[in-house]
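Colleague: I have a protein with a bound ligand on my screen. Can we go through where the ligand sits and what surrounds it?

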Amino acid sequence: MSTPLPTITLNNGIEIPQLGFGVFQVPDAETTAAVASALEAGYRSIDTAAIYGNEAGVGQALAESGIAREDLFVTTKLWNADQGHDATLKAFDASLAKLGLDHVDLYLIHWPTPARDLYRESWRAIETLVADGRVRAAGVSNFQPAHLRRLLDDSALVPAVNQIELHPGLQQAELRALHAELGIVTEAWSPLAQGAVLGEPALTAIAARHGKSPAQVVLRWHLQLGNVVIPKSVTPARIRENADVFDFALGDDEMAAIAALDRGLRTGPDPDTLN
Ligand code: NDP
């Protein structure tokens, strides 16, 4: 791919590529090859997390790519066990060291873990990291409306992003509307529902009409809704396929047919009860 991927401007003026590459469940030893393949296919945004255990593999691929740091967008996440003010600062240092970077573009609180009620302390620490220029944009992940409101009761720093499970089976209308109201960009994790929705007849029919795959149709649907997406694959042909979604558009009737697939299909944990 020669043209750069489209970007979305976050609430602090920083631009995030609308399509990025996720590395959840990729072993560290395989991560460098997967990320190298993604960079080769034109992706510039990589989504990892401390708990994935592959920040070092990501960092190695970034270093070996020779791509200028300012052309890359790197996201990592604070793990639940490291919440709290001082623990957050320490965990962030460890992530940076593994990535081999001096700053990240986006740092997310991975889960609210509401029963532990430490996310506001963690956010204070992240405010400091932003002020120090070590985090360009601060965000959250898996925050429900009540968690976002509680965070904002206590802080003027509005998360740039909330990264949530979102795909045709779980369309998250309430959160998407709240994000729009608050100026938070919606980032979709498991954008393909880990493959669980790809056999839907509505999707295979739309895909056949456009000469595209069901995965490409799902990613196109996300892009047209304005979501940031971070599909994961360790398969080079799929990595390329997932980035080849900018040469067709879904019509209103097709967007409506996909909207009708919403059915509360959570593939991951429930953010209200994961602690
Ligand atoms: P995805 O919805 O991206 O699906 C990945 C699965 O789909 C893999 O099994 C992959 O197989 C397969 N796949 C990928 N592309 C295609 C294709 N074109 N056709 C058919 N199958 C395909 O799931 P993830 O859960 O990985 O989510 C994406 C990213 O979101 C994660 O990697 C992570 O970065 C982030 N995430 C964040 C969470 C959070 O709590 N914040 C939670 C979960 C994910 P294969 O690799 O074998 O090719």
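What follows is a short exchange about the pocket, the ligand and the cavity.

Colleague: Where does the ligand sit?
Modeller: Keep in mind that this is a predicted model. A molecule sits in a site if more than half of its atoms lie within 2 Å of the grid points of that site. By that test, the ligand sits in the largest pocket.

Colleague: What volume does the largest pocket have?
Modeller: Its lining counts 35 residues. F24, Q25, S190, Q194 and K232 lie nearest the centre of the pocket. The volume of the largest pocket is about 720 Å³.

Colleague: How do the residues lining the largest pocket divide by class?
Modeller: Charged residues number 5 in this lining. Polar residues number 14. The nonpolar residues number 16.

Colleague: Which helix gives the most to the shell around the ligand?
Modeller: The shell has 28 residues, and D47, S190, Q194, S233 and T235 come nearest the ligand. By class, the shell holds 13 nonpolar, 10 polar and 5 charged residues. One helix, covering residues 236-243, gives 3 residues to the shell. In the lining of the largest pocket, 3 residues also come from α9, the top contributor there. For the shell, the helix is α9.

Colleague: How much of the ligand does the protein bury?
Modeller: Start with the polar contacts. Side-chain N or O atoms of S233 and T235 each lie 2.6 Å from an oxygen atom of the ligand. For R238, a polar side-chain atom is 2.8 Å from a ligand oxygen. Alone, the ligand exposes 910 Å², and the buried part of that is 88%.

Colleague: How many cavities of 30 Å³ or more does the structure hold, and how much space lies in the largest?
Modeller: A cavity differs from a pocket because the probe fits but cannot get out. The structure holds 1 cavity of 30 Å³ or more. The space in the largest cavity is about 40 Å³.

Colleague: Which charged residues line the largest cavity?
Modeller: The lining has 4 nonpolar, 3 polar and 2 charged residues. N142, F143, Q144, I164, Q172, L175 and P271 are among the lining residues, and none of these is Asp, Glu, Lys or Arg, which count as charged. The charged residues in the lining are E165 and R266.

Conventions: Residues numbered from 1 in each chain as written. Predicted model: local features only at pLDDT ≥ 70, side-chain atom pairs only at ≥ 80, totals over all residues. Heavy atoms only, no water. 1 Å grid on protein atoms, 1.4 Å probe; cavity = no way out; pocket = protein on both sides within 12 Å on 5 of 7 lines; lining within 4 Å. Points joined across faces, edges and corners; volume = space filled by probe spheres on them. Near = heavy atom within 4 Å. Polar contact = N/O pair within 3.5 Å; in protein donor to acceptor, adjacent residues only side chain to side chain. Areas by Shrake-Rupley, 256 points an atom, 1.4 Å probe, with all protein chains shown as cover. Helix = DSSP H or I, 4+ residues; strand = E, 2+ residues; numbered from the N terminus.
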